[in-house]
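Thank you for making time this morning. I would like to walk you through a structure that is probably new to most of you, so please have a look at it before I begin.

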Amino acid sequence: MFRPTFNFRLAFRLLGMLLIIMALAMVFPVGVSLYFGDGSQFGLIASALVILMVGLFLRNFLGVGATYELHEKESFWFTAVIWLVIPMMGALPYLFTSTVSNFTDAAFESFSGFTTTGSSVLSGLESKPQGLLVWRSVSQWVGGLGLILFVVAILHRLNEGSARLYEAEFSGTLQRRLHPRMARNVVLMWAVYSALSLALFLLLFFAGNSFVDSLCTALSTVSTGGFMTHDAGLAGFSNFSMGCITFFMFLSGINLAVLFCFFTGRWRQVRNDEEFKRYLLVLVASVLLCIIAFSIAEKHMGWSTVSFSLFHIASTISTCGFYTSSPSVWPMMVSVVTFLLIFLGASAGSTGGGLKIKRIMILARYVRNYFVRMIHPRAVLSVKVNGKVVEDLYVIRIFSYIFLYLLFVAVGALVLTICGSDIPNALCMAAANISNLGPSPVINNLGASLDYIQLQPFAKWTMMVLMLAGRLEVFAIVSIFLPAYWRVTR
Amino acid sequence: MKKGRGNKSSLRNGNNLGMAIRPLGIPLVGEGIAMMACIIPALYFADGTVWRILAAGLFTVAVGITMLVTLPRRSATTGSNDRRISYLTVTIVWLALTIFGALPFLLVGIEKTGASETLSFFNFRFSIPFSNAIFESMSGLTSTGATVFADVESLPASLLLWRSTTEWLGGFGIILLVLAVVPSLGLNKYSLYTAEASSADNTGKTSTSMRTMVQQTLTIYVSLTLFFIILLVATGMTLWEAVNLTFSNISTGGFSIYGDSIARFTPLHQYILTIVMFIGGVNFALLYSFFTLRWRRIGRKLDQFGFFFLLTLLSSLFVVIALYGHGGLPFEEALRCGIVQTVSVITTTGSVVADTNQWWTPITLLFLLLCLCGGMAGSTTGGVKVMRVLILLRTVRNTLTNRLHPHAYNPVRLNGRPVSNEIITNVMVIFIVYVITMLLGVLLLMLCGVDATESLGAVFGCITSYGPGLGACGGFGSYAAFPAVAKWICSVLMLLGRLECLTILILFLPGFWRNR
C-alpha cells in the first residue's frame, strides 16, 4: 500500500525562494520611496526584511535536503498553498506603511494585486506614498505570468514536476509551449512579457508622464491587472499615452505563444491561429457596437468616440479593467456588450482572465455538432481547433469548468447579497472578480452601487476566493477540497 | 402524383409539412372541448361570456377536425427527415395550441366601439391586446403562471377557469410529451425521463408502449387532481376555488383566481397545496409505480428523488431560518411561508404565499437558483431539472478526481449504473444552451428598457416556468407594465424553457431546412 507523502520540504523550499524573489522585487518600491521621501521607506524596508527572513528561514532551514520530485496530485496542493501564502505576505507593506487600517483590507488589496484583478479598497490615491503604489503594480506584474513560473525557470532539477506545476497554474493544456523544454519555455515567456512591459514604460515615460505613473501603468497594463495611480483613473493621460495603453492592453489579451511567433517572424503561425482570429473578430465587433451606441447616444461621431470605444473594449476583453468614465453615462448597449465580454475574457495563455476565447470556441463548435447530430444521430463529427481534434473527454472538462465557474459566481453573488447588494450588482461584481477584471463596470447602471470599500469583511474574503479561483482556473482550488484528494490511495 | 426522391425528403415538400401539422388535430379538439367546458362557470356566475367562449371552443374543435380529415397521415418511414418532422411537430403543436388558447381572451375582450375608432376591426376593438392574450395563453400552456392581468379578480369566471385549465392541460401535455411522445418518435434517444422507476430502464429501450404510457399518466394525473379537489373541498374550500387551485398547482403552473395568489387561504389549505405542488414536481412514472404499489420496481433507484427531496428540505430550512432570524416574522408564519414558497419555487409553480419582494435579497437569489434547478425530470416542472443538475455535479466531481487518477475507471453513476458519455454531453449542452439563452434574454429585455433586476427576474420566471419575477413582476405583481416587445420576448422564453431550448433552436439551424 502506498501512502502519499506530501513533499513538504520541496514546498517549503519553493515557497522560500519565491519569498526571497519577492523581497528582491521590493527594491523598486523601496527605491522609489527613498527617492521621493514619501514616508513609507521604513514600512517598506521593514516588510521587505520580514519577507526576506521568512523566505530564508523556509528555504535554508525547513526546506533543506528537499528531493525534487513532484507527483501530479501534489501540484494542486503546492499551487494553492503558494498562491495563498505569497499574497498574504504581500499584504505586509500595506500594513507596515499604515496605508490601510486592518488586515482584511491589506489582504484584499494584495490578493487583488497578485491575481491581477485590480479591485481596490484604497481611495485618495494621490495622498498615498508613491512607493506603495509602485508595490501594488509590481505585485500585479509578478502575479501576471504566474508566481510558479518564477521557480520553474530557476529550478532545472524539477524536470517533470515543473510541467505539472505549470499546468496546474497556467490554463492546463490550453497553453501552447514556446519551446519544448519547460525551463526554456518559461524563460522565453518572461522575456516576451518583460519586453512588452519595458516598451510600454519607455513609451509612456517619453510621452511626458512622471516616472511613477509610467512605471505603475506599464506594469498594470501588461499584466492586465488594472491598478491606477490616480483617483481620476487615466483621465490625466495624453491622447498619445492612452493610445499606447490601448494597444498594449490589446497585446496582453493575446496568447503569449502567438505574440512570440509574431516577434520572431513566424507570421504564418500567427495568421493561422484560430483563437487569435476570433479574438480580433470579437474585438472589432464589440468596438463597432460601442461606436454605434455612443454615436446614437451623443448624436455625433468623432475621433474621441472611436478612441474611447477602442480603449473601453480593449480594457474589458483583456480583463485589464481600466475605466475612464463613470459607467452611469454609458448607453445600455455598451453595458450589455461589456457584461458579455467579462465572461468571455481574453485568449488562453495570455495574462488575462475570464472563461477564455478558446474554451468558448471549442464549446460553440461542440454545440453546433450536437445540433447536427440531433438530426443525423450517427454522424461522426469532431471538434477541431488549429487542425487538432479536441477529444470528448476534454470537452467534458471544459463543460465542467464552466459549470464550476458559474457556481462560483452564484455563490459569490449570494454572499454579496447577504452583505446588502442587490442581485444584478452582486452578479456583476462576482463575475468581475472571478474573471480578474477588477472594478465592476456595469455596476452603476444597475441602480444601487456597492463599492469595494463598503463591503463587509466577510464579503471581501469571498471576493478574494473568487479572484484566486479565477486566476488558478478553479480546478486547482476545488480539487484540494475533494475528499478523494486526501484519501489514501493504493 | 409521383414525386422525386430528393423532393420527397425535403421539408419544403407540402406533403411532409402536412404530416408535420396533422398531429395537431387531436390536441386541438381536446383544447376546444376544454374551452367549451369553461361555459359551466359562465352559466353559474352569469358573467355573460357564454356565447363567446362557446364560439371559441367550437371554432377550435372545427379546425382540429378539419386537420384530421384533410391532412395526410404520417408514413412509417424513419431517417433524418422523419426526425426533422418530429422536431417541427413538437414546436408547431405548442405554438398552435397557444394561439388557439388565446382565442377566449381575445373574444371575451372584444368590445363594440364607435365607427370613429381607427384601430378597430369591423367596429370591434380588442380590449385585451393581442400580445397580452398570447402571453397569458403561452404562460398557461407552458404551465408558467406569469400573468399580464394586474387585476385578476376583475376577469370573468369563465376566463379564470380557462387560465387554470390551460395550465392543467399544459402540465399534462408536457408529461405526455416527455414520457410517451418523444421516446416513441425516437427523438430523445438518451431520454432521461424514463430512467427512474419505469420499466424502460432495464433494457435501455422503451418497452412500454406509448398507449400504456398515456393511460398510466392520464390515470395518475386525473385521479390525483380529483383526490385533491375533494380533499380541499372537504377541508372547507369552495368548489370553485378548489378546482382552480388544484388545476394550476398540480400542473406546477401557479395561476390563481385571486390577486394575492394563495396568501388568503388558511394555513391548512396552504400546506395541502404545497403537497399538491410537490407531487407535481415528482416524476410521474415514479408516482405511478408508487401508487400502484409496485415498490420493488422503485427499489433503491431513488437518486434523483433523494436529491430533490434533500434540496427542498435544506433550502426550506435556510429560508425559514432567514425569515425567522433576519426577517423577524413570527415562527409559525416563517415556517409556513418558508416551506410553501420554497416548494413553490423548486417545483417552478409560482404560487405566492407572501409578498416575496419584501423578503431578504439572499432568499430571492436562492429562489432564482432553485427555480433554475427545477423539479424532477418527467414531471410538470420546468427548469434544468434535478436529474441534470445531479449529473452535472457528479460529472464535475469525476472530472476532478479523474485528474488525480487519470487511468482509473470512474464513470458517473446514476442509480448505481454508469451514465454514458452521450447523456453527459446531452445534459451539458442543454445546460449551456439554457444559460446562454437566459443571458441573451436578460440583455434583450434590458435593451427593451426593462430595468436590470426586473429583466433578470422575468427571464428566470419565464424560462424556468416559475412565473413571478422580481420587482414589479414579482410577488403579487404582474407583467402588465412590460412593453409589448418584452412580453413577446418573455413568451418566447417560456416556450424555449418548456421545450428545453434545443427542440426549438434546431429549427433555426440553416441545415435543418436544407435537404441533406
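I will start with how the model is described, then turn to chain B, the contact between the chains, the core, and a few single helices and residues.

What you see is a predicted model, in which local features need pLDDT of at least 70 and side-chain atom pairs count only at pLDDT 80 or more, while totals for chains, interfaces and linings use all residues. Residues are numbered from 1 along each chain as its sequence is written, and chains are lettered from A and ligands numbered from 1 in the order in which they are written.

On confidence, the model scores ipTM 0.89 and pTM 0.90. For chain B the mean pLDDT, which is the predictor's confidence in each residue on a scale from 0 to 100, is 83, and 86% of the residues of chain B reach 70 or more. Two stretches of chain B deserve caution: over residues 1-9 the pLDDT stays under 50, and the model has six contacts for them beyond four places in sequence. Over residues 189-207 of chain B the pLDDT is also below 50, although this stretch has 44 contacts in the model beyond near neighbours in sequence. By contact I mean two residues whose C-beta atoms, placed from the backbone, lie within 7 Å.

Chain B has 23 helices and four strands, these being DSSP runs numbered from the N terminus, with H or I over at least four residues for a helix and E over at least two for a strand. Of its 516 residues, 53% count as buried, where buried requires 20 or more other C-beta atoms within 10 Å of a residue's own, exposed means 12 or fewer, and partly exposed lies in between, with C-beta atoms placed from the backbone. Among the contacts in chain B with a separation of 6 or more, 71% come from residues 24 or more positions apart.

How many residues does each chain bring to the contact between them? Chain A brings 39 residues and chain B brings 38 residues. On the side of chain A that touches chain B, the elements that each supply at least two residues include α4 (72-90), α17 (332-344) and α19 (392-418), and α19(A) gives the most, with 14 residues. That side of chain A divides into 29 nonpolar, five polar and five charged residues; here Ala, Val, Leu, Ile, Met, Phe, Trp, Tyr, Cys and Pro count as nonpolar, Asp, Glu, Lys and Arg as charged, and the others, Gly among them, as polar.

Now to the core, a set of buried Ala, Val, Leu, Ile, Met, Phe, Trp, Tyr and Cys residues joined through C-beta atoms within 7 Å. The largest nonpolar core has 297 residues, and those with the most contacts inside it are A:Ala430, A:Val474, B:Val459 and B:Cys490. α19(A) gives the most to this core, with 16 residues. Leaving aside neighbours within four places in sequence, B:Cys490 is in contact with B:Phe135, B:Ala146, B:Ala458, B:Cys462 and B:Tyr479.

Let me take α17(A) as an example of a helix. Its 13 residues should span 18 Å at 1.5 Å a residue, and the end C-alpha atoms are 19 Å apart, which agrees; the expected span is 1.5 Å times one less than the number of residues. Its buried residues include A:Val334, A:Phe339 and A:Leu344, and what covers the buried residues of α17(A) includes α19 (421-447) of chain B. After α17(A) comes A:Gly345, whose phi is positive, near 80°.

In helix α3 (residues 25-37) of chain B, the residues B:Leu28, B:Glu31, B:Gly32 and B:Met35 are buried. Seen down the axis of α3(B), these buried residues fall within an arc of 100°, so they line one face of the helix, the arc being that of the directions from the helix axis to the C-beta atoms.

Finally, two residues other than glycine have a positive phi. B:Ser143, with phi near 50°, sits in the loop between α8 (130-141) and α9 (157-185) of chain B. Is B:Ser143 buried or exposed? It counts as buried because B:Ser143 has 33 C-beta neighbours inside 10 Å. B:Asn415, with a phi of about 55°, is found in the loop between β3 (413-414) and β4 (417-418) of chain B, and with 15 C-beta neighbours inside 10 Å B:Asn415 counts as partly exposed.
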